[in-house]
Amino acid sequence: MRLRYVPGQYQYLKKCEKVIMYPEKLGYKLNHMFNNNNPIHVEIGCGKGKFLREIAINNPDINYFGFEKDVKVAYRCAKNITEDDPPNYFIVYANAESLKEIFEEGSIERIYLNFSDPWPKASHHKRRLTHKKFLDIYKAVLTDNGEIHMKTDNNDLFEFSIEQLEEDNWELLMVTRDLHNSIYKEGNIMTLYEEKFVKEGKKINKLVAKRKNG
Ligand SMILES: C[S@@+](CC[C@H](N)C(=O)[O-])C[C@H]1O[C@@H](n2cnc3c(N)ncnc32)[C@H](O)[C@@H]1O
């Protein structure tokens, strides 16, 4: 997602009530932001926020946090906020590498990885959001039966992710390599990237993996 730098975008994010900036540096956990005990779901790499908003509207009893590490993208996401947006989501301008500093242990029920950057070079695979390095972070913050829901058009990233999850002893609850021609299509909320790829005729992969106890 190559976007133009807009002067003042950082200041705009700072003033926006729905944006949390660098929570890992503030030394507090985000678990209690909503003053309720509803489950917490996190999207990593929320982009311009289409999926985040729609899923929050459809599920008012779930608390959502959308992480975005790129200031230009987070700014676009914040600019898309309207008065009609639901109260049950925040945009978090932070890197998912800091999840353990931001949330209490075992407190997130679900993590969404939607069309994560594929990092095709082998030397960059450790940057992939399903690399063992990230799975260890997710295991720390997910609840006992917490889940990862992943969608991607990138077959190489998808097969890599399945391998990493299996090697790390996660239980695969569902796997499809053609979401839009499968029984799992019902209720699917499309992301912006997904809309683009579907229009191009690309097949969408999806998996759901559950963290096993212990
Ligand atoms: C390819 S875009 C997909 C955006 C959106 N999920 C969609 O499907 O339309 C991936 C986004 O993830 C963000 N991202 C990548 N790694 C991240 C990380 N470690 N923490 C937070 N955001 C990340 C990138 O900045 C980028 O905006």
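Biologist: Let's start in the middle of this predicted model. Which residue in strand 6 does L113 stand opposite?

Modeller: Happy to start there. L113 falls in strand 5, residues 108–114, while strand 6 covers residues 142–152. The residue of strand 6 standing opposite L113 is M150.

Biologist: How many bridges join strand 5 to strand 6?

Modeller: These two strands run parallel. One of their pairs places I111 with its bridge partner I148 in strand 6. The number of bridges joining strand 5 to strand 6 is six.

Biologist: I111 has a second pairing to look at, then. Which residue stands opposite I111 in strand 5?

Modeller: Strand 5 also pairs with strand 2, in the parallel sense, over four bridges. Strand 2 covers residues 40–44. The residue standing opposite I111 is V42.

Biologist: Let's zoom out to the sheet. What is the order of its eight strands?

Modeller: The sheet is open and its pairing is mixed. Strand 1 (19–21) and strand 7 (171–176) each have a single partner strand, so they stand at the edges with one side left without a neighbour in the sheet. The twist averages 20° from one strand to the next. Reading across, the order is 1-4-3-2-5-6-8-7.

Biologist: How many of the seven residues of strand 5 are buried?

Modeller: Strand 5 has company on its faces as well as at its sides. Helix 3 (residues 50–58) lies across strand 2, strand 3, strand 4 and strand 5, and helix 6 (residues 132–141) touches strand 5 and strand 6 as it packs on the sheet. Strand 5 is mostly covered, and its count of buried residues is five.

Biologist: Why do the buried residues of helix 6 lie on the same side, and how wide an arc do they cover?

Modeller: The residues in question are F134, L135, Y138 and V141. They pack against helix 5 (99–102), strand 5, strand 6 and helix 7 (155–167). They sit on the same side of helix 6 because the arc they cover around the axis is only 130°.

Biologist: And helix 4, residues 71–79: which of its residues are buried?

Modeller: Their cover includes helix 1 (9–15), strand 1, strand 3 and strand 4. The buried residues of helix 4 are A74, Y75, C77 and A78.

Biologist: Two residues caught my eye for their backbone: Y22 and F115 each have a positive phi without being a glycine. Is Y22 buried or exposed?

Modeller: Y22, with a phi of about 40°, is found in the loop between strand 1 and helix 2 (23–26). Y22 has 12 C-beta neighbours inside 10 Å, and 12 or fewer is the cut-off. Y22 therefore counts as exposed.

Biologist: Is F115 buried or exposed?

Modeller: F115, with a phi of about 50°, lies in the loop between strand 5 and helix 6. There are 22 other C-beta atoms within 10 Å of F115, and the cut-off asks for 20 or more. F115 is therefore buried.

Biologist: Last stop, the ligand. Which element supplies the largest share of the shell around the ligand?

Modeller: The shell has 21 residues, with G45, G47, F115, T191 and Y193 the closest. By class, nine of the shell residues are nonpolar, six polar and six charged. Strand 3 and one helix, residues 192–199, each supply at least two of them. The largest share, three residues, comes from helix 8.

Conventions:
Residues are numbered from 1 along each chain as its sequence is written. This is a predicted model: local features need pLDDT of at least 70, side-chain atom pairs count only at pLDDT 80 or more; totals for chains, interfaces and linings use all residues. Two strands pair if DSSP finds at least two bridges between them. Axes are lines fitted to C-alpha atoms, for helices over the stretch in contact, and angles run from 0 to 180 degrees between N-to-C directions. Two residues are in contact if their C-beta atoms, placed from the backbone, lie within 7 Å. A residue is near a molecule or strand if its C-beta atom, placed from the backbone, lies within 6 Å of it. Ala, Val, Leu, Ile, Met, Phe, Trp, Tyr, Cys and Pro count as nonpolar, Asp, Glu, Lys and Arg as charged, and the others, Gly among them, as polar. The arc is that of the directions from the helix axis to the C-beta atoms.
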